[in-house]
Amino acid sequence: MSGTPEWQALADHFAKVRDMHLRDLFAEDPGRAASMTVEAADLVLDYSKNRLTGETVRLLVAAAERAGLRERTEEMFSGRHINVTEDRAVLHVALRAPEGARIDEGGADVVPEVHKVLERMASFADAVRSGQWRGFTGKPIKRVVNIGIGGSDLGPAMAYEALLPYSQRALSLGFVSNVDGSDIWEATAGSDPEETLFVVSSKTFTTLETIGNAKTAREWLLSSLGDPASVRNHFVAVSTNAKQVAAFGIDTANMFEFWDWVGGRYSFDSAIGLSLMISVGPELFRQMLAGLRAVDEHFREAPLERNIPALLGLIGVWYNDFFGAETQAVLPYDHYLAKFPAYLQQLDMESNGKRVTLDGEPVDMATGPVVWGTPGTNGQHAYYQLLHQGTRLVPADFIGFLRPAHRVGNHHDLLMANFFAQTEALAFGKTPEQASAEGIPERLVPHRTFPGNRPTNTILAPELSPRVLGELVATYEHKVLTQGVIWGINSFDQWGVELGKSLALRIVPELTSEAAPELGHDSSTNALIARYRAARRP
């Protein structure tokens, strides 16, 4: 891509506009905010507080067209194997396709199977929520614990917290992912085994961390209930490996399927979201799917210059590859979206943290940024100092809602006042002249001056509903695709997570065997393992 005329045109344009200030851009164009605001479904994107012009957008769109974004999008929606290193389709969009739609993979329409699993999930969720599904001793379920890792944890955990106001509060949900024993200990401590249901999410049912935690959960259950037959009442599986599920003691009738054309980080709207569906109910889960689908359709159909996911992706490329920004902050001004930035870390960094192109050649430009963030007002009293007056350029997405989940005094007005004020302050700052005019002593003026020109996107929605959550997730999913296409990389594999896992399997017996094995690592790792072994001795 970097050798194309479109990329060179962007580089030439950057040289002309790199030092423009947002104060001047707004002063020169009174209609800037209106022309740089886009609406889709329930979302509004105002990208006017970015260091770009209409010409910048035109050139970025031309680069996207040259890279084949439209073609790659259609290949994804039509079931082509665009995950070339694993020879797989990329069909998370099929998980929210309406009944009657047709999406082929390997010559078969996958949509009927998706809806078949959704119906099974709905029946099971209703049974748990109503008390019809009971534990081994006849008690209804009051606690559900999801055991997974990566996409089998981050997605449902994020969505559960985001939709907590819509949940059935009589059912508590817990999430276990870390192989650290403290995680499963805390998830079970104080719980009643007779009233606890575990959802074990592992495609192969061999994932080291997940199965390790599941075995510990089974031991916890059996230490109280005794009878191995009780496992069938207290464990269900989200997997494709019926043999391993049965060997664990789970009735395969209670195994919910998903498919290898769904990447883990794109999967919480599949059976991986079973625990979420139990919490909020099938109808609200379907509303979330409708929100995902609405943005799918917008991304597929809207012109790129009025396309929210594409614009967010292209603006990110602008800062990443021309301004040299290395991070991207995502700052939701909603308590219930506390885990949304962590969810996006996997979605973005596992997808676009790549160093070779689709052809296996080294990339010649910067790829995925470091994604981070926390709920907004918490961050204001922590790291916003760096955003306002630090030496690093940190583009930021601000996400806010017109209506709160709970009307508590004037809290939402205070929250949104901060939301609007921060993007204004980051964009326009405070000049030395303004500081002096405020009566600030001259010796303090440099400390009380804010350079501004710090770029932000503002995303507004009516409220954080199941539908809107789906819209937000799909927006960032397609943003990731947009950037991956520009960079010419495969956004849908994750080979980088494998090396450490395979080394860990080699090290486990070296930590636990009675006879000290000969260590064949580097001198640092050998010494650290030896220190650990010494600490394990009685």
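This is a short tour of selections to make in the open structure, which is a predicted model.

**Stop 1: the mixed sheet**

Start with the six strands that make an open sheet. Their order is 1-2-13-12-10-11, and the pairing is mixed. Select residues 37–40 for strand 1 and 370–372 for strand 11. These are the edge strands, and each pairs on one side only. Ignoring direction, neighbouring strands in this sheet are turned against each other by 15 degrees on average.

Now select residues 396–401 and 456–461. These are strand 12 and strand 13, which pair in the parallel sense over six bridges. For one point of register, pick Ala 396: Thr 456 of strand 13 stands opposite.

Two helices to add here pack on the sheet. Helix 15, residues 340–352, touches strand 10 (327–332), strand 11 and strand 12. The direction of helix 15 makes about 165 degrees with that of strand 11. Helix 20, residues 466–487, touches strand 2 (43–46), strand 10, strand 12 and strand 13. Compare the direction of helix 20 with that of strand 12: the angle is about 165 degrees.

**Stop 2: Thr 456**

Zoom in on Thr 456, which lies in strand 13. Is Thr 456 buried or exposed? Its relative accessibility is 2%, so Thr 456 counts as buried. Show what surrounds it. Leaving out residues up to four places away in sequence, Thr 456 touches Asp 46, Lys 49, Asn 50, Ala 396, Phe 398, Thr 423 and Leu 426. Ala 396 in that list is also the residue that stands opposite Thr 456.

**Stop 3: Ala 294**

Move to helix 13, residues 282–301, and select Ala 294. Ala 294 counts as buried, at 16% relative accessibility. Which residues does Ala 294 contact, leaving aside neighbours within four places in sequence? They are Ala 41 and Arg 467. Then draw a C-alpha to C-alpha distance from Ala 294 to Ala 474. The two are 8.7 Å apart in space and 180 residues apart in sequence.

**Stop 4: a helix crossing**

Select residues 54–67, helix 4, and residues 308–323, helix 14. Their axes come within 10 Å and cross at roughly 100 degrees. Helix 4 is therefore roughly perpendicular to helix 14. Show side chains at the contact. Helix 4 supplies Thr 56, Val 57, Leu 60, Val 61 and Ala 64. Helix 14 supplies Leu 311, Leu 314 and Trp 318. Colour this contact by residue type: seven are nonpolar, one is polar and none is charged.

**Stop 5: the parallel sheet**

Next comes an open sheet of five strands, in the order 6-5-7-8-9, with parallel pairing. Strand 6 (172–176) and strand 9 are at the edges. Each has a single partner strand, so one side of each is left without a neighbour in the sheet.

Add helix 7, residues 151–162, which packs on the sheet. Helix 7 touches strand 5 (143–147), strand 6 and strand 7, and its direction makes about 150 degrees with that of strand 6. Then add helix 8, residues 181–188, which packs on the sheet and touches strand 5, strand 6 and strand 7. For helix 8, the angle with the direction of strand 6 is about 170 degrees.

**Stop 6: strand 8**

Stay in this sheet and select residues 235–238, strand 8. Phe 235 and Ala 237 point one way, while Val 236 and Val 238 point the other way. All of them are buried. In a regular strand, side chains alternate between the two faces of the sheet.

Centre on Ala 237. Opposite Ala 237 you find Val 200, and also Met 255 in strand 9. The partner strands follow from there. Strand 7 (196–201) pairs with strand 8 in the parallel sense over four bridges. Strand 9 (255–256) pairs with strand 8 in the parallel sense over two bridges.

**Stop 7: helix 9**

Finish on residues 208–225, the 18 residues of helix 9. From first C-alpha to last, helix 9 reaches 26 Å, close to the 26 Å expected at 1.5 Å a residue. Show its buried residues: Glu 209, Thr 210, Ile 211, Asn 213, Ala 214, Ala 217, Leu 221 and Leu 225. Then step on to Gly 226, just after the helix, where phi is positive at about 80 degrees.

Notes. Residues numbered from 1 in each chain as written. Predicted model: local features only at pLDDT ≥ 70, side-chain atom pairs only at ≥ 80, totals over all residues. Heavy atoms only, no water. Axes fitted to C-alpha atoms, helices over the stretch in contact; angles between N-to-C directions. Parallel < 35°, antiparallel > 145°, perpendicular 65-115°, else oblique. Contact = heavy atoms within 4.5 Å. Nonpolar A, V, L, I, M, F, W, Y, C, P; charged D, E, K, R; others polar. Pairing = 2+ DSSP bridges. Expected span 1.5 Å × (residues − 1). Buried < 20%, exposed > 50% of the residue type's maximum accessible area, 1.4 Å probe, protein only.
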